[in-house]
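Open the model in your viewer and keep the selection panel at hand. We will go step by step, picking something to select and then looking at what is there.

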2 protein chains.
Amino acid sequence: MQRTHDTARYTEGRPDKFARHTLFETPRFFADVYVLGPGQHQAVHRHEAEDKCYFVLEGRARVATGAQRHEVGPGEIVHCPAGEEHGVENPGPGRLRLLVFMAPHPRAAQLGW
Amino acid sequence: MQRTHDTARYTEGRPDKFARHTLFETPRFFADVYVLGPGQHQAVHRHEAEDKCYFVLEGRARVATGAQRHEVGPGEIVHCPAGEEHGVENPGPGRLRLLVFMAPHPRAAQLGW
């Protein structure tokens with residue numbers, strides 16, 4: 001498996017929903033780049049046993065975690081603990097690019113590990 | 001626990017060795033900012049059951065993982081898989097700041113979780 005990525009290369013979005021680009025994944029974690037156009041979002045959801053972090057590479061993000069709401073920009077990071085509802089949206093006007101970590105990998109079993 | 005951090009605030013180094021600033025930690029992962037002055041390093045070591053990622057916030061990093069050597073800069077990320085020797089050094093001349101993820105947390109038991 002490739003050991004390095006330049007996150008700057010992952011800029012491609014999708015017209016219908018936010019785009020995910022997987023950088024690394026093992027049973028223990030994944031690291032993805034998410035690309036959200038203005039107005040796009042990842043709906044609020046919950047993982048019972050996994051922690052997630054959103055780190056802003058580019059743009060502005062509105063992140064929900066539990067009852068909290070955070071508006072963050074480049075260099076800022078938000079932790080969404082296991083068991084807590086969370087989601088993210090791009091309020092625009094620019095593109096939003098996030099480095100996303102989740103641990104452990106929520107689909108470890110499905111992926112055959 | 002605090003749910004957001006601005007990684008730009010974590011710039012303080014140490015004269016004797018590299019500095020760690022813990023952002024978030026649970027049994028499942030930690031996220032730290034490491035600050036390495038020119039010539040400082042994290043010695044090569046191994047975690048049998050934990051994956052680590054180094055993401056460059058500022059400066060240049062030389063990362064060893066197994067037999068591979070990578071020189072990376074801002075926006076680049078390196079994955080050091082569980083069981084593989086890894087380390088990082090700052091070749092200078094500037095400060096190196098890294099966002100570091102490890103999963104699961106290598107000291108979960110010691111921390112009383």
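## Start where the chains meet

Select Glu76(A) and Asp6(B): in this predicted model, Glu76(A) lies opposite Asp6(B), a residue of β1(B). Now widen the selection to residues 76-80 of chain A, which form strand β8, together with β1(B); the two strands pair in the antiparallel sense over three bridges.

Next, bring up the whole contact, to which chain B gives 31 residues and chain A gives 31 residues. On chain B, colour β1 (4-6), β2 (19-26), β3 (29-36), β5 (51-58), β7, β8 (76-80) and β10 (96-103), since each of these strands supplies at least two residues of the side that touches chain A. Look at β8(B) in particular: four residues come from there, the largest share of that side. Colouring by class gives 16 nonpolar, nine polar and six charged residues on the side of chain B that touches chain A.

How are the two chains related? Lay chain B on chain A: a turn of 180° and a shift of 0.0 Å along the axis give an RMSD of 0.0 Å. The two copies are thus related as by a two-fold rotation axis. To find that axis, select Ala103(B), whose C-alpha is at 3.1 Å and comes closest to it among the residues of chain B.

Finally, stay in chain B and show the open sheet of four strands, ordered β4-β9-β6-β7 with antiparallel pairing. At its edges stand β4 (41-45) and β7 (68-72), each with a single partner strand. Zoom in on β6 (residues 61-65), joined to β7(B) by five bridges, and pick Ala61(B), which stands opposite Val72(B).

Methods: Residues are numbered from 1 along each chain as its sequence is written. Chains are lettered from A and ligands numbered from 1 in the order in which they are written. This is a predicted model: local features need pLDDT of at least 70, side-chain atom pairs count only at pLDDT 80 or more; totals for chains, interfaces and linings use all residues. Copies are superposed by least squares on the C-alpha atoms of residues with pLDDT of at least 70 in both. Two strands pair if DSSP finds at least two bridges between them. Two residues are in contact if their C-beta atoms, placed from the backbone, lie within 7 Å. Ala, Val, Leu, Ile, Met, Phe, Trp, Tyr, Cys and Pro count as nonpolar, Asp, Glu, Lys and Arg as charged, and the others, Gly among them, as polar.
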